[in-house]
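Subject: Handing over the structure

Hello,

Here is the structure I promised to pass on to you. Please open it alongside this message, and then read on for what turned up in it.

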Amino acid sequence: DIVSFDLEVTTAPVANDAPDLFECDNDNDGFMLFNLDLQTPIILNDQTAIITYYDDEANAEARKGWIVNTALYNTTSTTIWARVEPSPGSTCSDITSFEIKVFNSPEANAPEPLLECDFDNDGYYEFDFRSLKDAEILGAQNPATYEINYFSSQLDAENNSNVLAIP
C-alpha cells in the first residue's frame, strides 16, 4: 500500500532576550504584581509562535508547570524562563530568561532646612545638596541602592521632570 502524508518543515523559533523587570514594593512585603505578557512581543520579535513562561529552567525545558496567570504574576525577585515553540509540545523550541527584581520602597527622611547668609546681597547662594543632604535624606539606607534627585518644585518632583543638573 502507498500512503501519502504532508510533511511540514518550519524554521526554528528564536527566543530573543527581554529586559529585566524592576518594581518598588509598595508595602515592603517582598511581592509585586508583574505582567509577563508585556515581554512577549520583545521575545517573539514578530515571529508567529507560542510562548509559555516558567519560574524554573528545568520546567521550561520539559514544558511542564508553566505560569498560568501571566498578566497578574505575583512574585518576589526571581528568574523567569520563556519557552518559544512553533506549536504546543513541539520538539523544536528555544528558551531565554530575564530577571524580576522587587526592591523595598525607599524612605525619604525630611532634611533639616539649610540657612546661609547672603554676604554680597545678590539673592543667590550656591549649595551642594549632594554633599549637604544626601546622607540625611537616606538615613540608614544604602546609598549604592538609591539615587536622589533634586527639583525646584513639588510638581516636578512628583512627575520626575526637570531634575536639577547641579544640585
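Let me begin with one pair: K133 and E136 form a salt bridge, with their closest N and O atoms 2.8 Å apart. By salt bridge I mean a side-chain nitrogen of Lys or Arg within 4 Å of a carboxyl oxygen of Asp or Glu. Because K133 and E136 sit three residues apart in helix α3, about one helical turn separates them. K133 counts as buried, at 8% relative accessibility, while E136 is partly exposed, with a relative accessible area of 28%. Here buried means under 20% relative accessible area, exposed means over 50%, and partly exposed is in between (1.4 Å probe, protein chains only).

Before going further, a word on what you are looking at. This is a predicted model, in which local features need pLDDT of at least 70 and side-chain atom pairs count only at pLDDT 80 or more, whereas totals for chains, interfaces and linings use all residues. Residues are numbered from 1 along each chain as its sequence is written, and side-chain values use heavy atoms, with hydrogens and water left out.

Salt bridges

How many salt bridges does a search of the whole structure find? The search finds four. As background, side chains of opposite charge can pair when their charged atoms come close.

One of the four links R63 to E85, where the closest N and O atoms are 2.4 Å apart. R63 lies in the loop between α2 and β4 and E85 in strand β5 (residues 78–85), so this pair ties together parts that are 22 residues apart in sequence. The helices and strands I name are DSSP runs (H or I of at least four residues for helices, E of at least two for strands), numbered from the N terminus.

E85 also forms a salt bridge with R83, this time with the closest N and O atoms 3.3 Å apart. Is E85 buried or exposed? E85 counts as buried, at 0% relative accessibility, and R83 is buried too.

To go back to the first pair for a moment, K133 is buried at 8% relative accessibility. Elsewhere, salt bridges that share partners join R63, R83 and E85 into one network.

Overall layout

The protein has four helices and six strands. Along the sequence they follow the pattern β-β-α-β-α-β-β-β-α-α.

What is the radius of gyration of the protein? The value is 25 Å, where a compact globule of 167 residues would have one near 15 Å. This radius is taken over C-alpha atoms, and the globule rule is 2.2 Å times the number of residues to the power 0.38. Along its principal axes, the C-alpha trace spans about 105 × 30 × 25 Å. Of the 167 residues, 25% count as buried.

Surface patches

Two patches are worth finding on your screen. F5, L7 and V9 make a nonpolar surface patch of about 430 Å². L7 belongs to the segment before β1 (21–25) and counts as exposed, at 70% relative accessibility.

The other patch is negative and is formed by D55, D56, E57 and E61. E61 is placed in helix α2 (residues 57–62).

Patches are made of residues with over 30% relative accessible area and no salt bridge, joining like charges within 9 Å and nonpolar side chains (Val, Leu, Ile, Met, Phe, Trp, Tyr) within 5 Å. Asp and Glu count as negative, Lys and Arg as positive, and His and the chain ends are not counted.

Backbone and distances

Most residues other than glycine have a negative phi. R63, already met in the network, has a positive phi near 55°. N121 also has a positive phi near 55°. N121 is in the loop between β6 (94–104) and α3 (129–138) and counts as exposed, at 68% relative accessibility.

T70 lies in the loop between α2 and β4 and is buried, at 13% relative accessibility. T70 and T52 are 18 residues apart in sequence, with their C-alpha atoms 8.8 Å apart in space.

Finally, look at F129 in helix α3, which is partly exposed with a relative accessible area of 23%. F129 and I148 are 19 residues apart in sequence and 9.9 Å apart in space, C-alpha to C-alpha.

Best wishes

How values were computed: Accessible areas come from the Shrake-Rupley method with a 1.4 Å probe; for residues, only the protein chains shown count as cover. The place of a charge is taken as NZ of Lys, CZ of Arg, CG of Asp or CD of Glu.
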